Every structure is written in structure tokens, then in C-alpha cells.
Amino acid sequence: MTYDNLLIEAETNGLIVKEKPLKAYRGRIKGNKIAIKQDLNTKEKTCVLAEELGHHYTSVGNILDQSKVENRKQERKARAWAYNLLIPLNAFVDAYKAGVTNRYELAEFLEVPEEFLQEAIDYYSSKYGICVKLDKHIIYFNPLGVMEIF
């Protein structure tokens, strides 16, 4: 999913996205307006916009105070939404089939920053454990790899 695709999704859902010189946040949603930090690169903007869309679909109210457990849960839910959108499990299999051999290549293949990729891997690992079966493949999270089942 590209940044432009996410912009279209936002517009389709009545959301207004503007790039601004934010200081404290990389992205922020308030009502139907999403602000994205303007000096991020396109890959970073894609991840931030995906997370802000995740907030639109999964969060309620002002969750800026991360000292509250409920707000942290909503933050995790929005990030999980972004991980599932930008790096669905089948993307690991697609990358394997395309000959991707390491994390750097995987981040390039998925067009996401390596840090976001690692966060997604950590999320999937906490959800599924060391591996998960997907159709005729097993996806391993640590060490990262895909094995085809015959």
C-alpha cells in the first residue's frame, strides 16, 4: 500500500490529510483531520498515515496521555492495524518467493523503514510466538525466515 493509496483511502472516508511542520509528533488525528510531519520521507509518511488511519478506525477520544493503560491499548491497536495493512503475513511469503534474503531487503521489498518492519515482526512474534503457519508456508519471526511445507 503506497502513501498515495492511503491518501485516497483517507479522502474516501472523509478525512483531510495535511503535511505540516509538526514538532512533537510524527502524525496526529483530530476529528476528520490528519496531520503528517512534512519532513519525513515517503516511506515514513506511509507508516505514519497508516497508523493514523488505524486510530480513525480503532480509537475513541483523546489518547495522547500514554500514562493511562486504556490509551496505551488504543495506541497498540492502531499500530497493529497499520502493521496488518502494510505488512500482512502473506507479504513475508511473497518476499520469500521473490528471493528476499534479509531484513534490509525485506524492508526495501515492502517499502517500509527497517524500524517499522522490526516493530511489525515484534508484534507478530508477540501474537503468534516464534512462527505461524500460513497456507503451505511457515513464517518464522526469530530468526526471520519462511519455509515451504510440501
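Helices, written H, are DSSP runs of at least four residues, and strands, written E, are runs of at least two, both numbered from the N terminus. With those labels in hand, here are some notes to help you find your way around. Please keep in mind that this is a predicted model.

1. **The largest pocket.** A good place to begin is the largest pocket, whose volume is about 800 Å³. It is lined by 28 residues, and those closest to its centre are Gly27, Glu51, Glu52, His55 and Glu75. Which elements each supply at least two residues of this lining? They are strand E2 (27-30), helices H2 and H3, and helix H6 (114-128). Of the contributors, H2 gives the most, with 7 residues.

2. **Glu51, a residue to remember.** Glu51 belongs to helix H2 and is among the residues closest to the centre of the largest pocket. Is Glu51 buried or exposed? It is buried, because its relative accessibility is 15% and the cut-off for buried is under 20%. Leaving aside residues up to four places away in sequence, Glu51 is in contact with Glu75, Ala78, Arg79 and Ala82.

3. **A salt bridge from Glu51 to Arg79.** One of those contacts, Arg79, also forms a salt bridge with Glu51, at 3.4 Å from N to O. This pair connects distant parts of the chain, with Arg79 in helix H3 (residues 69-86) and Glu51 in helix H2, 28 residues apart. Shared partners extend the picture: salt bridges join Glu51, Glu75 and Arg79 into one network. As for accessibility, Arg79 is partly exposed at 34%, whereas Glu51 is buried at 15%.

4. **Other salt bridges.** How many salt bridges does a search of the whole structure find? The search gives 4. One of them pairs Glu19 with Lys45, where the closest N and O atoms are 2.7 Å apart. Glu19 sits in strand E1 (residues 16-20) and Lys45 in helix H2 (residues 42-58), so this bridge ties together parts of the chain 26 residues apart in sequence. Glu19 is partly exposed, at 36% relative accessibility, while Lys45 is buried, with a relative accessible area of 11%.

5. **From H2 to H5.** Helix H2 appears again in the salt bridge between Lys43 and Glu108, which has an N to O distance of 2.9 Å. Lys43 is in helix H2 and Glu108 is in helix H5 (residues 103-110), so the two tie together parts that are 65 residues apart in sequence. Both partners are partly exposed: Lys43 has a relative accessibility of 26%, and Glu108 has a relative accessible area of 40%.

6. **The two sides of helix H1.** Helix H1 (residues 3-12) is worth turning around in your viewer. Its buried residues are Tyr3, Leu6 and Ala10. Why do they count as being on the same side of H1? The arc they cover around the axis is only 60°, which puts them there together. On the other side of H1, the exposed residues are Asp4, Ile8, Glu11 and Thr12. The cover over the buried residues includes E1, strand E3 (33-37), H2 and H3. After H1 comes Gly14, which has a positive phi, near 75°.

7. **Ala35 in strand E3.** E3 is one of the elements that cover the buried residues of H1, and Ala35 has its place in this strand. With a relative accessibility of 13%, Ala35 counts as buried. Which residues does Ala35 touch, not counting those up to four places away in sequence? They are Lys18, Lys20, Leu22, Arg26, Gly27 and Arg28. One of these, Gly27, is also among the residues closest to the centre of the largest pocket. For a sense of scale, the C-alpha atoms of Ala35 and Asn102 are separated by 33 Å, and these residues are 67 apart along the chain.

8. **A hairpin to finish.** Strands E5 (residues 137-141) and E6 (residues 144-148) run antiparallel and are joined by 5 bridges. Between them lie 2 residues, and the pair of strands forms a hairpin. Opposite Ile139 you will find Val146 in E6. In a regular strand, side chains alternate between the two faces of the sheet.

Conventions: Residues numbered from 1 in each chain as written. Predicted model: local features only at pLDDT ≥ 70, side-chain atom pairs only at ≥ 80, totals over all residues. Heavy atoms only, no water. Salt bridge = Lys/Arg side-chain N within 4 Å of Asp/Glu carboxyl O. Buried < 20%, exposed > 50% of the residue type's maximum accessible area, 1.4 Å probe, protein only. Pairing = 2+ DSSP bridges. Arc of directions from axis to C-beta. Contact = heavy atoms within 4.5 Å. 1 Å grid on protein atoms, 1.4 Å probe; cavity = no way out; pocket = protein on both sides within 12 Å on 5 of 7 lines; lining within 4 Å. Points joined across faces, edges and corners; volume = space filled by probe spheres on them.
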